[in-house]
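Q: Please take a close look at the aromatic side chains of this model, with attention to their ring pairs and their exposure. A connected account would be appreciated.

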Amino acid sequence: MAKRTLSKRVEAVVTAILVLMATYNIYALLFTAYDVVLHMVLNMSFVLPLIFIVYPARKKDVDRIPWYDYLLAIISVIPPIILYHHPPWIYERMWFATALTTEQLVLGIVFIATIIEATRRTSGLVITFLVIFFLIYLYIGPYIPDPFRHRGMRFDRIIELNYLTTYGTFTTPLQVMSTYVIAFTILGAVFSEAGVGKFFIDLAKALVGRMVGGPAKIAVVASSLFGTISGSAVANVYGTGIITIPTMKSLGYPSRFAGAVEAVASTGGQIMPPVMGAAAFVMAELLNVPYARIMIAAIIPALLYYLGVYVQVHYYSLKTGLRGLPKDQVPSLKGILKERGYMLIPMAVLVYIVAVLMWSPVTAAFIAMFITIALSFLKRETWMTPKKIYKALAKGAEEALSILVIGAAAGMVIGSISFSGTGLRLSSIVLEASMGILVLALTYVAVLTLIMGMGVPTTAAYIMTAALSVPALSRLGVDPFISHFFVFYYATVSAITPPVALAAYAAASIAKDDPMRVGFTATRLGFAAILVPFILIFKPGLLLIIREPLPIIIENIVTAFIAIYAIALGLEGFYKTTMNIPERLLLIISGLLLFAPTDLAVDLIATVLIVAMVLIHIRRTNKIKIFSPTKS
């Protein structure tokens with residue numbers, strides 16, 4: 001949702017509060033033994049009033065703050081502040097047994113209502129409707145026909161669930177957003193102010209700028225790098241797309257294709273280690289595993305995703321004759337690394353702390369932040385002056401506002417699903433509808449995730465679908481770790497799949513093209529994100545941490561890369577010359593066979609067919625060169 005244009009005076013006050021919020025989080029998360037529930041409560045006392053000032057209720061209020069928004073800002077801060085100062089309300093009551101006082105009931109109603117309205121302003125109507133739907137569903141359970149009938153919950157108990165317990169609002173999603181995610185939004189803002197984002201774009205230009213299709217490849221490489229410090233598809237689009245999309249268009253790329261390349265490349269930032277999207281941190285908490293395991297497991301799937309995009313961009317550029325950037329617009333790789341290569345140090349330190357030392361990602365994020373600030377003084381133009389640090393803290397906290405309120409809203413949904421037993425009921429329905437056939441059950445879950453992700457941020461789509469569908473997949477024998485990855489990937493790809501695709505909409509606004517056209521093109525370019533989740537089910541060795549014999553893991557990885565290359569080549573329909581339909585189908589089918597849970601003989605046959613097709617086109621090209629007329 002669009003943010004409000006604030007007057008200088010209001011903006012100064014809002015910025016100061018944002019900086020206070022960021023400073024509190026750095027201090028609490030790094031230097032204190034904080035109470036996680038009270039930490040969430042205090043963060044909500046920052047988030048709710050700020051959202052009512054920063055985000056307008058209606059488009060026509062984007063240039064002004066009506067009186068009722070000031071009133072809502074004041075009212076919304078009261079429930080969390082009072083709760084923060086009354087911990088016994090949470091810790092010294094018998095949940096769902098002790099009666100609520102009138103004060104607690106009223107404050108709880110205000111708290112829930114303001115979260116719902118804040119969710120509507122930041123994330124739109126879809127997720128707001130889902131929250132309201134599940135709250136109502138929890139209440140009217142006895143009146144619903146089977147198979148979704150349940151005992152229901154009294155109105156006052158629903159309020160208690162989401163205000164005075166850790167089963168509703170103050171559960172895993174908000175806990176993750178208030179710790180891991182806010183640490184990384186602050187780190188991302190410091191990176192941005194220190195010029196790390198610009199460094200990544202220049203590095204991508206130096207690496208691939210002069211190649212065939214250079215501008216599009218810059219979008220792929222830069223967005224994958226930028227995504228490691230952002231984790232938001234839409235933020236990635238605006239962070240790199242404002243540079244890459246106009247550049248692609250200026251060199252002849254259709255606006256539809258330019259927008260699609262940026263959308264699909266930016267979406268991949270959410271699955272690109274070391275810093276993935278917020279959903280990855282939620283996954284680590286739900287699975288109760290170190291984030292390093294998630295990060296390591298995501299490496300091969302992320303590379304497969306970007307390989308699929310890169311190959312299609314390359315052959316599309318060859319087919320259409322699109323060139324790279326002029327030499328004078330491409331910086332020297334040696335020069336960039338010599339002048340600004342030190343900007344890679346914070347990222348390397350972060351990876352070392354998380355993956356090798358196995359420390360908390362929060363600690364790693366803040367250490368990387370302090371290192372970035374210190375290294376910025378190596379060059380005068382990147383100095384992190386007090387003014388820049390102040391700006392970065394405000395920006396980091398502001399980026400976290402919508403994410404934190406989504407965490408609170410998602411907690412309400414999880415609480416409703418848990419206390420109504422919907423997850424188990426849906427598991428039974430999926431098992432019955434799929435007749436125990438795993439591929440059919442996976443297809444149902446994939447479609448459900450894509451539907452849940454329409455117009456909903458990836459994190460919310462992942463949390464809600466995982467709560468509903470992971471139990472069903474577990475009953476079919478799928479490892480919970482793999483089930484969560486399956487849902488996570490489809491929640492991610494929902495950012496580019498029409499009819500409602502947030503990343504495609506963002507890219508279309510820059511490219512000035514139809515969002516649907518951009519979305520469908522992006523879906524084709526991002527086909528790997530649709531295939532990879534299924535592949536992980538049958539070839540879990542691709543996740544690296546699943547216990548499989550080393551030869552099987554190596555074979556899975558090699559065949560997966562060959563398969564992605566073959567399918568991307570078949571979809572684009574061009575190698576050295578244009579391919580006909582049977583040739584394209586042969587490549588796609590061979591690639592799919594490599595992904596299927598078949599034996600080594602089938603893999604060898606499929607690989608031979610792919611290599612043969614490539615050699616045929618090389619030979620065909622040589623014949624064309626021999627018989628083509630030459631200049632005298």
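A: In this predicted model, Phe-377 has a relative accessibility of 43% and therefore counts as partly exposed, since that class lies between the limits of 20% and 50%. Trp-383 belongs to the partly exposed class too, with a relative accessible area of 32%.

By the ring-centre rule, the model holds 31 aromatic pairs. One of them joins Trp-67 to Tyr-68 in an edge-to-face arrangement, with 5.8 Å from centre to centre and 80° between the planes. Within this pair, Trp-67 is exposed because its relative accessibility reaches 65%, while Tyr-68, at 25%, is partly exposed. Phe-377 and Trp-383 also form an aromatic pair, here a tilted one: the centres are 5.9 Å apart and the planes meet at 50°. The ring of Trp-383 has a further contact, as the charged end of Arg-380 sits over it, 4.6 Å from the ring centre.

Elsewhere, ring pairs connect Tyr-462, Phe-481, Phe-485, Phe-488 and Tyr-489 into a cluster.

Aromatic residues also contribute to a nonpolar surface patch, in which Tyr-139, Tyr-143 and Phe-155 are joined by Ile-109, Ile-132, Ile-136 and Ile-140. Together these residues present about 690 Å² of accessible area. Helix α6, spanning residues 125–139, supplies the largest share of the patch, with 3 residues. Ile-140 is located in the loop between α6 and α7 (155–163), and its relative accessibility of 32% is why Ile-140 counts as partly exposed.

Key: Residues numbered from 1 in each chain as written. Predicted model: local features only at pLDDT ≥ 70, side-chain atom pairs only at ≥ 80, totals over all residues. Heavy atoms only, no water. Patch = residues over 30% accessible without salt bridge, like charges linked within 9 Å, V, L, I, M, F, W, Y side chains within 5 Å. Areas by Shrake-Rupley, 256 points an atom, 1.4 Å probe, with all protein chains shown as cover. Salt bridge = Lys/Arg side-chain N within 4 Å of Asp/Glu carboxyl O. Helix = DSSP H or I, 4+ residues; strand = E, 2+ residues; numbered from the N terminus. Buried < 20%, exposed > 50% of the residue type's maximum accessible area, 1.4 Å probe, protein only. Phe/Tyr/Trp six-rings, centres within 6.5 Å; stacked < 30°, edge-to-face > 60°. Lys NZ or Arg CZ within 6 Å of the ring centre and 35° of its normal.
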